[in-house]
Amino acid sequence: MSDVHEVRVGSSDDIVGIRKMVRTIAGDIRMSLVDQTKLVTAASELARNIVVHGGGGTVRIERLTGPTGRTGVRMIFSDEGPGISDVDLALTDGWSSGQGLGLGLPGSRRLVDEFELDTAVGRGTRITVTKWTR
Amino acid sequence: MTNPQSGGQAHIVQLLSTRQDAALDRWTELAGATLRGRTTQTELRGELRELLSLTLASLEREDDTARSELRAVLADMSGRRARQNFTPKETAVAVFTLKQVVHELIEDADEDQAINEFVAFSRYVDDLGLLTFETYAATREQVIADQAEQLLELSTPVVKLWEGIVAVPLVGTLDSARTQVVMEALLQTLVDTGSESAVIDITGVPAVDTEVAQHLMKTIMAARLMGAECVISGIRPQIAQTIVALGIEFGDIVSKATLADALEYLLSRNGVRIVREVVG
Amino acid sequence: MERVPILKVGDVLLISIQTDLEDRTALALQEDLAEQIVRTGARGVVIDITAVEIVDSFIGRMFATIAAMSRLLDARTVVVGMRPAVAITLVELGLSLGGVHTALNLEKGMRLLAAPDPGGPPGTMSGR
Ligand SMILES: Nc1ncnc2c1ncn2[C@@H]1O[C@H](COP(=O)(O)OP(=O)(O)OP(=O)(O)O)[C@@H](O)[C@H]1O
Ligand SMILES: [Mg+2]
């Protein structure tokens with residue numbers, strides 16, 4: 001579908017704007033309130049990871065229409081930071097390389113329908129998530 | 001979705017155009033045979049006239065506007081019939097009878113070239129028929145989904161047991177979607193009524209799967225985050241076994257044998273004691 | 001930068017969050033609050049999130065930090081008015097808000113703080 005937004009995530013000040021944008025798009029396709037909240041929360045976590053761990057990057061948000069007319073939202077979080085050396089570990093509840101709670105990655109994975117993580121050490125990280133309306 | 005292809009059917013188009021009225025009469029007669037009075041002949045004739053002229057337009061000009069208009073009108077008709085409880089076969093047959101109409105026209109006119117085109121025409125009509133099937137299925141699905149949702153709303157009563165105590169008595173098999181709807185309704189009721197306690201009574205639930213058990217758990221945890229307490233009552237032995245076997249952590253959740261026990265427990269937590277008065 | 005106002009109601013400090021908080025605003029709030037608890041000698045803190053549409057792990061951690069900090073300064077913290085959608089999402093995220101007391105609404109939160117501290121009133125999220 002047509003709607004594609006790409007936003008730069010440079011500092012934590014950009015996170016509120018991203019939350020607002022995701023909320024608007026999810027509302028436009030009439031996603032349920034609970035699902036909207038889940039999607040916005042996942043966006044917030046993944047955008048903050050870009051700021052905290054990825055040294056800045058971009059978020060691409062698009063509206064989807066599936067083959068059966070189902071609608072959804074896809075978000076792609078990319079950065080060219082240090083990458084993640086042990087993906088399984090990073091996806092484990094409670095594991096953080098820093099002072100975090102270690103819930104951002106595993107938590108957002110539970111909050112969406114599809115979750116894909118591409119990363120290469122020294123080159124960066126790209127996380128693609130999708131949530132469909134029910 | 002299938003894409004009706006016309007592919008050079010000039011003679012058939014010519015034939016149909018010149019004998020449009022006769023063709024329409026015959027089509028109405030054939031298609032009407034299966035409709036058993038649920039649509040009047042006049043209505044049917046009107047529908048078919050529109051279909052026929054759009055079919056001709058799309059065969060003649062092979063233009064996309066006429067074709068998509070034809071599909072829209074067909075989809076419309078098919079959807080309307082789905083809601084009127086026609087079977088998908090009845091709807092499709094109405095379209096397929098156009099083949100017989102054309103076949104008879106060709107035989108009458110005794111036109112060789114038109115006969116050669118008949119195979120392609122026949123395939124074209126088949127595609128249109130299939131399109132009605134697709135629309136029919138989609139519309140019925142929508143009708144069923146709407147009904148299911150209505151049932152869901154009807155079957156999720158959250159009742160007030162006492163000031164500050166509400167209950168959801170669940171009855172029947174719980175699937176994941178229904179559980180989710182009920183649980184969201186319960187949490188919203190806590191907010192709306194300012195109730196700090198709730199009983200989820202599953203006496204009427206024969207079995208649960210992992211997903212449902214997990215939804216129940218998550219609801220209880222969500223209620224706690226909001227500042228309310230949920231008690232489960234009426235867990236059957238089988239469900240208890242499922243929960244233990246699945247290794248789902250029920251943690252420090254309070255479970256009571258019956259709804260009455262749960263109510264008594266919550267009342268006493270709220271400082272209410274029930275005493276039987278000894279008379280005489 | 002925007003600052004969240006802190007209201008004094010009796011011996012309770014009331015924070016009513018009305019906007020989607022920026023990280024910096026949340027951090028500033030923690031500092032302001034610590035200072036105010038000491039200055040006013042408040043015994044309780046109520047954070048009203050009735051208007052809040054999302055709580056992510058950052059804000060969740062802020063609640064836990066405020067609660068822990070208040071406790072050290074001899075005040076109790078209650079988070080009130082969490083919406084169902086927010087609560088459901090927090091559970092899925094895996095955040096338990098350990099040590100933070102919660103109440104359905106402002107009135108109940110105030111009443112909770114007025115009652116003597118039993119260590120674990122109904123609706124507590126103390127992770128012990
Ligand atoms: N974009 C990224 N680039 C590099 N490393 C990342 C990125 N995102 C996550 N990580 C790594 O994965 C770990 C887990 O991430 P997660 O979001 O689950 O926890 P956290 O950010 O450390 O803490 P929390 O999000 O709970 O505050 C991080 O500690 C970090 O090492
Ligand atoms: Mg994180």
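This is a short tour of a predicted model, with a suggestion at each stop of what to select and what you will find there.

**Stop 1: the ligand**

Start by selecting ligand 1 and centring the view on it. Which chains does ligand 1 lie between? The answer is chains A and C, so colour those two chains separately before you go on.

Now show the residues around the ligand. There are 20 of them, and the closest are A:Asn49, A:His53, A:Ser96, A:Ser97 and A:Leu105. If you colour this shell by residue type, you should find seven nonpolar, 10 polar and three charged residues.

Next, bring up the secondary structure behind the shell. Three helices each supply at least two residues of it: α2 (33–52) and α4 (104–111) of chain A, and α2 (57–72) of chain C. Which helix gives the most to the shell? That is α4(A), with three residues.

**Stop 2: polar pairs at the ligand**

Keep ligand 1 in view and show A:His53, A:Ser96 and A:Leu105 as sticks. For A:His53, look for a polar side-chain atom 2.8 Å from an oxygen atom of the ligand. At A:Ser96, an N or O atom of the side chain is 2.6 Å from a ligand oxygen atom. With A:Leu105, turn to the backbone instead: one of its polar backbone atoms is 2.9 Å from an oxygen atom of ligand 1. How much of the ligand does the protein bury? Taken alone, ligand 1 exposes 600 Å², and the protein buries 93% of that.

**Stop 3: the annotated span of chain A**

Select residues 34–134 of chain A. An unreviewed UniProt entry places the feature "domain: Histidine kinase/HSP90-like ATPase" here. The span is 31% helix and 34% strand, and its end C-alpha atoms lie 11 Å apart.

**Stop 4: strands of chain A**

Stay in chain A and show its strands as cartoon. Begin with β2 (residues 57–65) and β3 (residues 71–79), which pair in the antiparallel sense over nine bridges. Along this pair, A:Leu64 stands opposite A:Gly72 in β3(A). The two strands form a hairpin with five residues between them, where A:Gly69 takes a positive phi near 85°.

From β3(A), move across to β5(A): these strands run antiparallel and are joined by eight bridges. Label A:Arg74 and find its bridge partner in β5(A), A:Thr130.

β5 (residues 124–132) also pairs with β4 (residues 114–120) in the antiparallel sense, over seven bridges. Here you can pick out A:Asp118, which stands opposite A:Arg126 in β5(A). The hairpin of β4(A) and β5(A) has three residues between the strands, and A:Gly122 in the turn has a positive phi of about 85°.

**Stop 5: chain C**

Now select residues 2–113 of chain C, which the UniProt annotation "domain: STAS" (unreviewed entry) covers. Over these residues the chain is 46% helix and 20% strand, with the end C-alpha atoms 28 Å apart.

**Stop 6: chain B**

Finish with chain B, giving one colour to each of its two parts: domain 1 (4–147) and domain 2 (159–269). How far apart do the C-alpha centres of these domains lie? Between domain 1 of chain B and domain 2 of chain B, the distance is 55 Å.

Notes: Residues numbered from 1 in each chain as written. Chains lettered and ligands numbered in written order. Predicted model: local features only at pLDDT ≥ 70, side-chain atom pairs only at ≥ 80, totals over all residues. Heavy atoms only, no water. Near = heavy atom within 4 Å. Polar contact = N/O pair within 3.5 Å; in protein donor to acceptor, adjacent residues only side chain to side chain. Areas by Shrake-Rupley, 256 points an atom, 1.4 Å probe, with all protein chains shown as cover. Helix = DSSP H or I, 4+ residues; strand = E, 2+ residues; numbered from the N terminus. Nonpolar A, V, L, I, M, F, W, Y, C, P; charged D, E, K, R; others polar. Pairing = 2+ DSSP bridges. UniProt positions renumbered as here; feature names shortened; annotations may be inferred. Domains from an automatic or database assignment.
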